[in-house]
Amino acid sequence: MPVSRRAVIAAAALAPLAGRFATAAEPLIRRPIPSTGEMLPAIGIGTSRRYEVEPTPDAVAPLKEAVKTFVALGGSVIDTAPSYGTAEDVLGLILAEPGLRQKIFLASKVDTTGRDATLAEFERSLKRMKVDTLDLVAVHNLIDVTENLAILRDLKDRKRIRYVGVTVWRDNQLDALEAVMKRETLDFIQVNYAIDNRAAAERVIPLAADRGVAVMTNVPFGRDRLFKAVQGKELPAFAKDLGCASWPQVFLKYVLGNPAVTCPIPGMAKAAYVEDNLGAARGKLPDAAQRKQMEMFIDAV
């Protein structure tokens with residue numbers, strides 16, 4: 001049902017966009033990982049729910065097409081987790097495409113306790129995705145965070161992974177996340193942040209900027225909450241001023257308008273959604289006044 005909801009909202013905008021971004025000369029906005037300066041395209045793919053399909057060629061085919069389109073248009077960041085059902089297995093089938101893995105910044109997580117169990121989970125993720133290393137591994141939902149960060153740092157020292165981080169996805173985790181950020185050295189955090197869910201911008205995201213931590217943001221559409229809010233509404237003038245052709249682009253440009261955000265990771269299970277979403281990472285981003293205007297609009301619907 002959430003997919004059909006989004007299809008209703010985006011359909012009118014997507015039809016004239018077919019092929020538009022495939023030939024766009026304008027590159028994607030890129031943001032640095034503060035700990036190294038490595039640049040990342042400013043929108044990635046999240047695999048929760050939408051990539052949890054049966055790992056068969058027929059079921060995976062549209063997802064493979066979405067990922068190939070994503071890479072062709074300049075994207076690279078894909079985020080997953082062992083707890084996302086079959087998503088890692090599905091990515092294993094997708095990344096078997098020749099030449100694809102080296103174009104992907106591949107992120108996963110650990111969410112168990114105890115050194116042996118965490119290492120086993122990490123190795124299982126590698127096996128499921130058919131890869132030898134991962135770019136980023138984060139402690140999911142701050143589970144056994146001190147011990148698991150120590151394990152991940154050891155894996156980083158051994159060059160099994162390149163970056164370490166922590167993740168949350170609910171507002172009631174923000175205080176605990178802030179405490180971890182103050183006492184630990186991190187490359188990344190992942191946090192829930194959307195135009196109608198701005199709590200992370202009060203302290204957590206500014207703290208990340210102060211401490212030189214990259215910020216990946218999840219649920220930028222509020223689990224489809226935002227699509228329901230704007231269903232049937234025309235794009236406002238400020239959206240057109242920003243070059244937005246669809247509501248998803250409005251929501252993503254708002255998130256990217258916060259300069260401390262490195263990369264939102266919306267779920268993208270169709271090539272058409274990839275084309276549309278990546279349009280938000282091109283052209284103008286909203287300034288502070290425009291972001292306030294966007295907030296006021298969403299708060300009023």
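No disulfides turn up in this predicted model: the count is 0. Cys244 is unpaired, and the nearest cysteine sulfur, belonging to Cys263, sits 17 Å away. A disulfide would need the two sulfur atoms within 2.5 Å, so at 17 Å from the sulfur of Cys244, its closest cysteine partner, the sulfur of Cys263 is too far off for a bond. Both cysteines are tucked away from the surface, though. Cys244 has 7% relative accessibility and counts as buried, while Cys263 is buried with a relative accessible area of just 1%.

Cys263 also shows up in the packing of the interior. Along with Phe188, Ala214 and Ile265, Cys263 is among the 12 residues of a nonpolar core that lies apart from the largest one. That largest nonpolar core takes in 85 residues, and the ones with the most contacts inside it are Val166, Leu177, Ile189 and Phe251. Helix 10, covering residues 247-256, supplies the largest share of this core, with 7 residues.

Leu177 gives a good look at how the big core is put together. Setting aside neighbours within four places in sequence, Leu177 touches Val166 and Ile189, two residues that are themselves listed with Leu177 for having the most contacts inside the core. Leu142, Val168, Val191 and Val204 are also in contact with Leu177.

As for annotation, an unreviewed UniProt entry places the feature "domain: NADP-dependent oxidoreductase" at residues 43-287. In the model, that span is 40% helix and 15% strand, and its end C-alpha atoms lie 18 Å apart.

Conventions
Residues numbered from 1 in each chain as written. Predicted model: local features only at pLDDT ≥ 70, side-chain atom pairs only at ≥ 80, totals over all residues. Heavy atoms only, no water. Buried < 20%, exposed > 50% of the residue type's maximum accessible area, 1.4 Å probe, protein only. Core = buried A, V, L, I, M, F, W, Y, C linked by side-chain atoms within 4.5 Å. Helix = DSSP H or I, 4+ residues; strand = E, 2+ residues; numbered from the N terminus. Contact = heavy atoms within 4.5 Å. UniProt positions renumbered as here; feature names shortened; annotations may be inferred.
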